[in-house]
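Please read the points below beside the sequence and the model. They are meant for someone meeting this structure for the first time.

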Amino acid sequence: MKIDLTDTTSSKINKALVQGRRAIGTPAVGMVLTLVIVTDEENAYDALKAASDASREHPSRTLVVIRRVSRSPRDRTQSRLDAEVRVGAEAGTGETVILRLYGEVVDHAQSVVLPLLLPDAPVVVWWPVNAPLDPAKDPLGALGQRRVTDTYASEQPVRDLATRAGAYTPGDTDLSWTRITPWRSMLAAALDQITCEVQAVEVEGEEFNPSCELLAMWLADRLDVPVKRSVSGGPGLTAVRMDTDCGPIQLDRADGSLATLTIEGQPPRAVALKRRETAELIAEELRRLDPDDTYASALRYGVDRLTGPGTATAPREQAVAKGEQGSGGKPGSGGGQDRLGVPTPVEEAAKAPAARATAQAPVKQQPPTPEPVRKGDAT
């Protein structure tokens with residue numbers, strides 16, 4: 001059942017919710033939380049579909065906040081709230097309210113959302129795109145016990161990881177962290193099977209994928225060993241290699257679905273490690289509403305402490321955004337250059353002695369070439 005409300009208020013929306021529940025014969029409220037989705041018109045459909053699928057596991061009231069851009073100065077001064085109320089089969093196992101904000105009310109979305117929250121129920125705020133760098137200080141984020149972002153949707157994901165590490169507040173989490181839950185479980189299970197000491201780790205994955213950095217930081221934080229971040233063609237994470245004093249351990253996933261776990265002295269085994277949909281990720285995050293201390297510890301470890309050519313990513317992201325590309329080498333190629341072809345300090349130091357020797361070497365003087373003698377001048 002759908003109820004459209006134009007130029008409405010929060011009070012009228014609450015009345016429409018009660019009316020809709022009575023019309024479908026379920027007057028009781030059986031929802032366990034309020035999920036607030038802050039998005040734009042372009043991404044609203046995908047986010048709402050993921051939330052609807054997740055509501056089968058977590059019945060919730062879903063509030064979709066869409067800030068509409070005003071086209072003229074006159075429209076910016078006129079506030080309006082349009083709403084679409086969905087109950088029954090249209091909203092999965094809960095209730096859905098799509099809020100479209102116009103004019104000055106765009107800057108006061110929390111005033112619209114607050115009366116619509118379920119009483120005595122936790123609140124989760126999710127930004128599928130355009131998440132604030134400090135979610136806890138956002139007016140809508142301040143309403144939630146949990147704040148879910150997705151750094152993978154950012155233009156400069158690794159830079160945003162570093163910024164969120166400094167602004168972390170208990171209750172913050174990221175779907176880029178949720179994506180590596182199967183990897184963390186599989187690696188922890190592999191280490192439980194051996195009694196060897198891990199000496200070094202390499203995490204391989206596609207460029208500008210924050211899940212690769214988060215997995216590398218988690219391993220470095222937990223194992224206290226050097227972790228190298230290397231680049232591959234993807235999709236997503238492709239391999240984790242651990243050097244131990246008993247032999248190597250490797251978890252390799254080349255196709256994004258089936259991985260191979262190899263442990264020294266044991267036969268290789270195939271494990272399911274598929275890339276999950278957004279509905280599965282958000283459903284996992286809704287299972288726990290307490291702070292994720294493991295995520296906080298890994299996030300605060302710092303991207304700059306990782307080793308390898310794939311570590312100083314934030315400056316390269318800015319170069320990509322500005323269209324700047326080094327002239328030498330290809331992204332991901334070796335030869336002492338980083339992934340944008342910019343010479344590394346090691347390569348510059350290796351070239352410096354040769355450059356100084358060339359500058360100090362004496363220039364060999366060539367003897368002057370005699371001019372040809374013409375026959376008329378011979379006498």
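The note takes up the basis of the values, then the pocket, the cavity, one helix and two loop residues.

1. This is a predicted model, in which local features need pLDDT of at least 70 and side-chain atom pairs count only at pLDDT 80 or more, while totals for chains, interfaces and linings use all residues. Residues are numbered from 1 along each chain as its sequence is written, and side-chain values use heavy atoms, with hydrogens and water left out.

2. The largest pocket holds about 590 Å³ of space. A pocket here is an open set of points, on a 1 Å grid over the protein atoms alone, with protein on both sides within 12 Å along at least five of seven lines, and its lining residues have an atom within 4 Å of a point. Grid points are joined across faces, edges and corners, and a volume is the space filled by probe spheres set on the points. Of the 30 lining residues, R179, R276, E277, T278 and L281 are the closest to the centre of this pocket.

3. Which helices supply at least two residues each of the lining of the largest pocket? They are α2 (41-54), α7 (181-192) and α9 (278-286), and α2 gives the largest share, with 6 residues. Helices (H or I, at least four residues) and strands (E, at least two) are DSSP runs, numbered from the N terminus.

4. The count of cavities of 30 Å³ or more is 1, where a cavity is a set of grid points at which a 1.4 Å probe fits but cannot get out. The largest cavity has about 50 Å³ of space, and it is lined by P135, R147, T149, R164, Y168, D172, T173, Y295 and L299. At least two of these lining residues come from each of β7 (146-149), β8 (172-174) and α10 (293-301).

5. In helix α5 (residues 157-166), the buried residues (under 20% relative accessible area, with a 1.4 Å probe and protein chains only) are P157, V158, D160, L161, R164 and A165. Seen down the axis of α5, these buried residues fall within an arc of 155°, so they line one face of the helix; the arc is that of the directions from the helix axis to the C-beta atoms. R164 also appears in the lining of the largest cavity.

6. Two residues that are not glycines have a positive phi, D7 at about 50° and D224 at about 55°. D7 is in the loop between β1 (2-5) and α1 (10-24), and at 48% relative accessibility D7 counts as partly exposed, a class that lies between buried and exposed (over 50%). D224 is in the loop between α8 (210-223) and β10 (227-232), and D224 is exposed, with a relative accessible area of 69%.
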